[in-house]
Structure formats: structure tokens, C-alpha cells
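Got your viewer open and a selection box ready? Load the model and follow along, one stop at a time.

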Amino acid sequence: DELVLLWQTLGDGGNSEKLVKRLQKFVHWTCENSPMLNASHSNARDLLEEKNLSFDRSCELMRAFLNMPVHGVFHELLVHPEKRKRDILKFLQPIVAQSRLQGLQSLNVKLVVFFDEVNTSSCPGFLKGLICDRILDGENVSENIFFIAAANPFTGFCKNSDVEQIDYVDVFGDGQSTLLHRHYYDVNEMLPSMQE
């Protein structure tokens, strides 16, 4: 808000038409040359298209530009048995679209995708194809996507029934038991091709 206030003060000096055109030119150039800015979720694009932008509307442009969201470069997904291939694909869809942005590739920006607890997944073959073979639905994954996966140690199956307890508690006092805590994890042995 302080920058917008400063902008308003500058506009009161009588040179507002020139300032507005410079602001439009600067915001347009920045949006075109900064692929990390997510201008699609901002009304700045609409304001840039206005031919005779008033000074009051230029304050809106300034505010929209300063509040423009930035694309993230780190994406994390906790993989567990309930996460299916379709859930992972839905998670990856915006990341893959972002990786294809021309400016992102020319700047050599890497997008990092972190899969946590990957060996609790119900679709290890799909994850192996994605992480190791870099194939997503039959197509090569963009080189600017970098995958990291963390796995729990595989210790075999639990033989002690005391360890395999699940705590159900009436959390809301409505007589319904809710899963509150598991004392074990369903950890699968890593595929041999993923162990290296």
C-alpha cells in the first residue's frame, strides 16, 4: 500500500499521463519476460489492455502488479495407499503445464517435485515410470522437472499384534469412532529398479 501511495503522490505532480504509459509498458514487459509471475490470476492483464488508462485505474494496475502471485518451484505430495494414479496425475497437471512455459525453459529454472513416503503408494509401477524412466502417460517428462522421493525403511511384516493397533476415538462426542492414530505403516519393499 505504501508503494501505491507513493505512486499516487507522483501522479499529483501533473505528469500523470506519461507516468501511466511508463507503468503500463513496465508491467507489460515484466509480465512477458518473467515466467515466474503468474499473471493469469491477476486483473493486471485487463488493465494493460486499456488504451487510455486513467491515473486512478493505474493505481489498480500498480496494486494488481504488486500482488501478482509467483509460480512455485517446489511441489510436495505425501504419497499414501489412498493416493491413486489419478490423484498423482491431478497433482502433476499444473506442474507439467508450468514446465512448458517458454521463459521458464530458457531461464533453466528447475521445478522440484518431492514425493514423500513413496513406498507406501498403491501405484509403485506408475511412480517408478515417472521418477526413474521419466515417462508420464507415454510422454517424456520435461527436463526442467526434478523428482525427489523419500521412502520409509522396509522391515518386513509386523508379527507383533500389539504394534498393529489402530486407535479409534469418539472425537466429536457423537458416538462415531474416528481414526485418530495408527501405530504402524503399510510400507512396501521398493521395486528393485528404484533402489539405486
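**First stop: H75**

Select H75 and show what surrounds it: leaving out residues up to four places away in sequence, H75 touches F91, I95, Q98, V112, V113 and F114, where contact means heavy atoms within 4.5 Å. H75 sits in strand β1, residues 74-78. Helices here are DSSP runs of H or I with at least four residues, strands are runs of E with at least two, and both are numbered from the N terminus. H75 is buried, at a relative accessible area of 17%; buried means under 20%, exposed over 50%, and partly exposed in between, using a 1.4 Å probe and protein chains only. Now pick the backbone oxygen of G72: a polar atom of the H75 side chain lies 3.3 Å from it.

Some housekeeping before moving on. This is a predicted model, in which local features need pLDDT of at least 70 and side-chain atom pairs count only at pLDDT 80 or more, while totals for chains, interfaces and linings use all residues. Residues are numbered from 1 along each chain as its sequence is written, and side-chain values use heavy atoms, with hydrogens and water left out.

**Zoom out**

Switch to cartoon and colour by secondary structure. You should find 7 helices and 7 strands, in the order α-α-α-α-β-α-α-β-α-β-β-β-β-β along the sequence. Of the 196 residues in the protein, 33% are buried. If you like contact maps, take the contacts between residues at least 6 apart in sequence: 65% of them join residues at least 24 apart.

**Into the core**

Next, select I88, L92, V113, F115 and F147. These have the most contacts inside the largest nonpolar core, which has 20 residues. A nonpolar core is a set of buried Ala, Val, Leu, Ile, Met, Phe, Trp, Tyr and Cys residues joined through side-chain atoms within 4.5 Å. Two or more residues each come from α5 (85-99), β2 (111-116), α7 (124-131) and β5 (145-149), and α5 gives the largest share, 5 residues. Centre on I88: setting aside neighbours within four places in sequence, I88 is in contact with L77, F115, C123, F126 and L127. Apart from this core there is another, of 18 residues, including V27, L47, F55 and M62.

**Along α7**

Select α7 by itself. How many of its residues are buried? The count is 6 of 8, so this helix is mostly covered. The buried ones are F126, L127, K128, G129, L130 and I131, and their cover includes α5, β2, β3 (135-136) and β5.

K128 deserves a closer look. At 19% relative accessibility it counts as buried, and its side chain meets that of D133 in a salt bridge (2.8 Å, N to O). A salt bridge here is a side-chain nitrogen of Lys or Arg within 4 Å of a carboxyl oxygen of Asp or Glu. D133 is partly exposed, at 42%.

While you are here, check two backbone angles. E117, in the loop between β2 and α7, has a positive phi of about 55 degrees although it is not a glycine. R134, in the loop between α7 and β3, is another non-glycine with positive phi, near 60 degrees.

**More salt bridges**

A search of the whole structure turns up 5 salt bridges. Try R100 and E139, whose side chains meet at 3.9 Å, N to O. R100 is in the loop between α5 and α6 (102-106) and E139 is in strand β4 (residues 139-140), so the pair ties together parts 39 residues apart in sequence. R100 counts as exposed, at 53%.

Then select E60 and R57, which form a salt bridge at 2.9 Å, N to O. Both are in helix α4 (residues 55-66), 3 residues apart, or about one turn of the helix. Add E50 to the selection: salt bridges with shared partners join E50, R57 and E60 into one network.

**Last stop: W7**

Finish at helix α1, where you will find W7. Is W7 buried or exposed? It is buried, with a relative accessible area of 8%. Not counting residues up to four places away in sequence, W7 touches L19, V20, L23, F55, S58, C59 and M62. Run a distance between the C-alpha atoms of W7 and C59: 7.2 Å, for a pair 52 residues apart in sequence.

Note on methods: Polar contact = N/O pair within 3.5 Å; in protein donor to acceptor, adjacent residues only side chain to side chain.
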